[in-house]
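Here are my notes on this one, as numbered points. Have the viewer open while you read.

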There are 2 protein chains.
Amino acid sequence: MEQAGQRRRAATLKDVAALAGVSVATASKALNGRDQVRAETRSRVLEAAQRISFTPNSVARGLLAGQTGTVGLLTNDLVGRFSIPILMGAEDAFGTGKTSVLLCDARGDSIRESYHLQALLSRRVDGLIVVGSDTDPRPSLGDMPVPVVYAYGPSEDPNDLSLVPDNVGAGSLMARHLLETGRSRIAHITGEAGYSAARDRTEGITRALDAAGLSLLGGEALYGSWSEAWGRAAAAVIIDRHPDVDALLCGSDQIARGALDALRDRGIPVPEKIAVAGFDNWEVLATGSRPQLTSIDMDLEVLGRTAAQRLFAAIDGQHDSGTQKLPCRLVVRGSTVPDP
Amino acid sequence: MEQAGQRRRAATLKDVAALAGVSVATASKALNGRDQVRAETRSRVLEAAQRISFTPNSVARGLLAGQTGTVGLLTNDLVGRFSIPILMGAEDAFGTGKTSVLLCDARGDSIRESYHLQALLSRRVDGLIVVGSDTDPRPSLGDMPVPVVYAYGPSEDPNDLSLVPDNVGAGSLMARHLLETGRSRIAHITGEAGYSAARDRTEGITRALDAAGLSLLGGEALYGSWSEAWGRAAAAVIIDRHPDVDALLCGSDQIARGALDALRDRGIPVPEKIAVAGFDNWEVLATGSRPQLTSIDMDLEVLGRTAAQRLFAAIDGQHDSGTQKLPCRLVVRGSTVPDP
DNA sequence: AAACCTAACGAAAAGGTTTTCAGCAAGGTA
DNA sequence: TACCTTGCTGAAAACCTTTTCGTTAGGTTT
């Protein structure tokens, strides 16, 4: 435990200028490639900057320019698996430029949210991405001094710009895949009905079946929880009640893992006799199972990247609004189509 | 697609002062609770600030104070599950104060890392937390103008402060748990030997067995990969080779899930005949299985919080160094002890 | 030789806040 | 009355950078 000597203050432009024997104005121009500097002077400044490892202070620059080159990322469920890919996508899109990300996690607590919001605004972020913990619409932040993009969880206000995965389309996509691979007696086990993700996916599935002149086995979806245990239990019920079922379309990969488990217990071969499919394409679950799980990937990283791009556009004055749905992607694995 | 009208410039202290009919100096004092302001004046200022929804510009404040109230969080594996809890813990510790987190993901690419580092330094962060993608030591950032704390992955330089989970202790903890619950013929299936986490856990296990006059079944650990498939395969091998095995100590929850799966295939009851245990306490895996998995939690959120606290201390001049190991926590579930 | 142009550089302002210090008025004391 | 507190308030400097505009020196044109 040593006492840190007073940390030397970071080098400033004035130091560089003094060392190079020029004024700060000239030093600034030399470093920023402005063209009113003699070549010899410029190289002298550059060398001086190099020598004292000068790092320009973007705080001062931001104060002057009125733009800080930072954006706020306000998430509500960092622990959940949905925020992270979005965050990564956004970070990626920003990272290439000179924008940095200020991260806050409100944990679904609106008090904490407004607190963080305050902090972000006082730091003069150039824009804001608000990531929901689920796809249910959330209250708008209202009129903000900077552009806002809502990702994953849309704003209730249609004047805001929201980017969400197309869960209805995802449901249809998966149902069509099962139909195309010869399934027709399809049961649907899903999570809590309180989640719009669950309801939307069910709607998409129902629509696709409708279009094929079919309907869900048992007439409707089985709502429960997003857990393996529920998948196991529900699958057991369905098999007992409908021995001729040929596909278990599950609302999440966790549920699908449970369903696979139940089928294994009964010695029912997957996918030969019954196909199983999930949603979310949660790698560790989907690729760890035997057989591996066919699933729907919401392409959240793309969603995050898109959100970042839209935010940039908004910062540049291209204001857009409404809730836009981004397509999901089918990932076919062994649980619906036999491995070759 | 509407063109955004020019966004009104944010209110400044000058605006507040003008509205309240005082100078900016007085307005500042009134808002910051300084005690040289008449009560009546203060309330007039507060009301003015309220009315034009004044938010102090912390950029300007930071410029003046030389402290920005931001810290950089430089991670190398945002997609991995280890960074997130650390990040949450840190965010939590900071969140209560007035510190914000600038997040960067270098993805294990040192070019990108130095790029991000540059950005963070130019933003004049007050400190830096560097999160490794694994527990293997990494090159030091060297002499930085701000304090740095390494979390999860330690720095190679002992002059830096690093915080890592005590994987050796974790191994011993788990082995002792198995011994205490009556197991003695213990096999160890783990991940890639290239990971120090794998080697450290194995070392801890071996030590604890040693102390009890025992050794690993087969004499040594089975190294493979961190996957369910490897867990299945390795478990099968062990059962065939050592039919009298009574515990499968797995290096991760994924491996343990695979092992459980293999045991189920053979109809071997868990935990009655063979106990199974994992590491990492990855909730979705550990609680989704049947029976649920006994595991070791590295308490990464605590690690993140601790890192944040140490960083604060360092910013305050309390410089500390060396690689400090934080204890892990045993979580007992049905795979080692029968549910009541 | 006078007038003019150009290139290179520096002085100063701006951005928003905090802090220091000086000033000022009111009230009290000698 | 002259002086001293005490309590408030405001002017100005400081933080660091960028940009505008003015200045200087040297060279070119008439």
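1. Start with the protein–protein interface. About 6000 Å² is buried between chain B and chain A, and carbon and sulfur atoms give 47% of that area. Buried area here is the accessible area (1.4 Å probe) that two parts lose on being put together, summed over both. The size of an interface is often given this way, as the accessible area lost when the parts come together.

2. Before going on, some ground rules: this is a predicted model, where local features need pLDDT of at least 70, side-chain atom pairs count only at pLDDT 80 or more, and totals for chains, interfaces and linings use all residues. Residues are numbered from 1 along each chain as its sequence is written, chains are lettered from A and ligands numbered from 1 in the order in which they are written, and side-chain values use heavy atoms, with hydrogens and water left out.

3. How many residues does each chain bring to the contact? Chain A supplies 67 and chain B supplies 67, with contact meaning heavy atoms within 4.5 Å.

4. There are 14 salt bridges between chain B and chain A (a side-chain nitrogen of Lys or Arg within 4 Å of a carboxyl oxygen of Asp or Glu). One to click on is B:Arg107 with A:Glu91, at 3.5 Å from N to O. On the chain B side, helix 6 (residues 110–122) gives the most to the surface touching chain A, with 7 residues. Helices (H or I, at least four residues) and strands (E, at least two) are DSSP runs, numbered from the N terminus.

5. The two chains also share strand pairing: strand 3 (residues 100–105) of chain A runs antiparallel to strand 3 (residues 100–105) of chain B, over 3 bridges (pairing needs at least two DSSP bridges between the strands). Look for A:Leu103, which stands opposite B:Val101.

6. Now the DNA. Strand C has 25 residues around it, and the closest are A:Thr26, A:Lys29, A:Arg38, A:Thr41 and B:Leu13; near means a heavy atom within 4 Å. Of the atoms of DNA strand C that come within 4 Å of the protein, sugar and phosphate account for 62%.

7. Which helices line up here? Helix 2 (24–31) and helix 4 (58–65) of chain A, plus helix 2 (24–31) and helix 4 (58–65) of chain B, each supply at least two residues of the surface near DNA strand C.

8. For phosphate distances, try B:Arg61, with a side-chain N or O atom 2.8 Å from a phosphate oxygen of DNA strand C. B:Ser28 also uses a side-chain N or O atom, at 2.9 Å, whereas A:Ser23 puts a polar backbone atom 2.9 Å from a phosphate oxygen.

Methods:
A polar contact is a pair of N or O atoms within 3.5 Å; within protein, one must be able to donate a hydrogen and the other to accept it, and residues adjacent in sequence count only if both atoms are side-chain atoms.
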